[in-house]
Amino acid sequence: EKAALSCSPHPNIIRLHAAFADEQHLYFAMELALGGELFALIEEKDLLPEPAVKYYSASVTLALAHLHFHGFIYRDLKPENVLICASGHIKLCDFGLAAVGISASATHISASGRPVLVGTTEYMAPEVVRQQTCGQAVDLWALGVLLFEMMTGEAPWHHKEQKELQVRRRAPATGTATAATAASASPPPPHPSASPPPPPPS
């Protein structure tokens, strides 16, 4: 997480000011985002106006492209991990599941010693729920789910039990393209250097 936050500053990634530890805890001193989570905004508005959806999507795309350029896979994109600053700009946060490299395992070892899927089920790419090796394309899949949620007010898949949702999503669907297929058709953008302007007031 520290490596991903420290790779280089970007206007759409939460800034890490300092990191230190004592005998029991690790501490991160991070930038303050006073606007709260994108999740709360979606819950409040239900459907976001199209200019806001375009702006937030573009900002998240720039942040992901920056991480991919530096060799990281984010792996946990969801509205709860998109913070809004007082200026209206967004910041990605929570890099605890980020992986270094162009590919990574779909699982990690939990505190109980069992392998569990990485990420949040509603936003997992097909290769994750099927426990296949994953690449940076899983972030693009999650971006598509986030875009859908901002436009409709809810994610495309729902179930009160995460395990049951994983089982249902693991079943192959005819004619469904994976995130890896979509990524092969669209090469990653060049290294981003700036954030787009905030959206006009709704």
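This report walks through a predicted protein model, from its overall make-up to a few individual residues.

## The big picture

Let's start with the whole chain. The protein has 202 residues, and 39% of them are buried. Its secondary structure comes to 7 helices and 10 strands. If you look at contacts between residues with a separation of 6 or more, 66% of them join residues 24 or more positions apart.

On the outside, the protein exposes about 11,000 Å², with carbon and sulfur atoms supplying 58% of that area.

## How far to trust it

The mean pLDDT is 82, and 78% of the residues reach 70 or more. One stretch to watch is residues 174–188, where the pLDDT is below 50. Beyond near neighbours in sequence, that stretch has 14 contacts in the model. Where pLDDT is low, though, the predicted coordinates should not be read in detail.

## Two helices, end to end

Helix 3 covers residues 50–69, which makes 20 residues. At 1.5 Å a residue, a span of 28 Å is expected, and the end C-alpha atoms are indeed 28 Å apart. Just after helix 3 comes Gly71, with a positive phi of about 85°.

Helix 5 runs over residues 137–152, so 16 residues in total. Here the expected span is 22 Å and the end C-alpha atoms are 23 Å apart, which agrees. Several of its residues are buried, including Trp141, Leu143, Val145, Leu146 and Met150. The buried set also takes in Asp139 and Glu149. Just after helix 5, Gly153 has a positive phi of about 95°.

## Salt bridges

How many salt bridges does a search of the whole structure find? The count is 2. As background, side chains of opposite charge can pair when their charged atoms come close.

One pair is Lys91 and Glu31, whose side chains meet at 3.3 Å, N to O. This pair links distant parts of the chain, 60 residues apart: Lys91 is in strand 5, while Glu31 belongs to the loop between strand 2 (26–30) and helix 2 (38–45). Lys91 counts as buried, at 10% relative accessibility, whereas Glu31 is partly exposed at 22%.

The other pair is Glu50 and Lys54, with their closest N and O atoms 3.3 Å apart. Both sit in helix 3, and because they are 4 residues apart, about one helical turn separates them. An α-helix has 3.6 residues a turn, so residues three or four places apart point the same way. Are these two buried or exposed? Glu50 is exposed at 54% relative accessibility, and Lys54 is exposed with a relative accessible area of 54%.

## Cysteines

Counting a disulfide as a pair of cysteine sulfur atoms within 2.5 Å, the total is 0. Cys93 is buried, with a relative accessible area of 12%, and Cys134 is buried at 5%.

## Positive phi outside glycine

Which residues other than glycine are worth a look for their phi? One is Arg75, with a positive phi near 70°. You'll find Arg75 in the loop between strand 3 (72–73) and strand 4 (82–84). Its relative accessibility is 19%; since buried means under 20%, Arg75 counts as buried.

Another is Asp94, with a positive phi of about 60°. Asp94 also belongs to a loop, the one between strand 5 (90–92) and strand 6 (99–100). Asp94 is partly exposed, with a relative accessible area of 36%.

Technical notes
Residues are numbered from 1 along each chain as its sequence is written. This is a predicted model: local features need pLDDT of at least 70, side-chain atom pairs count only at pLDDT 80 or more; totals for chains, interfaces and linings use all residues. Side-chain values use heavy atoms; hydrogens and water are left out. Helices (H or I, at least four residues) and strands (E, at least two) are DSSP runs, numbered from the N terminus. Buried means under 20% relative accessible area, exposed over 50%, partly exposed in between (1.4 Å probe, protein chains only). Contact means heavy atoms within 4.5 Å. Accessible areas come from the Shrake-Rupley method with a 1.4 Å probe; for residues, only the protein chains shown count as cover. pLDDT is the predictor's confidence in each residue, from 0 to 100. The expected span of a helix is 1.5 Å times one less than its number of residues. A salt bridge is a side-chain nitrogen of Lys or Arg within 4 Å of a carboxyl oxygen of Asp or Glu.
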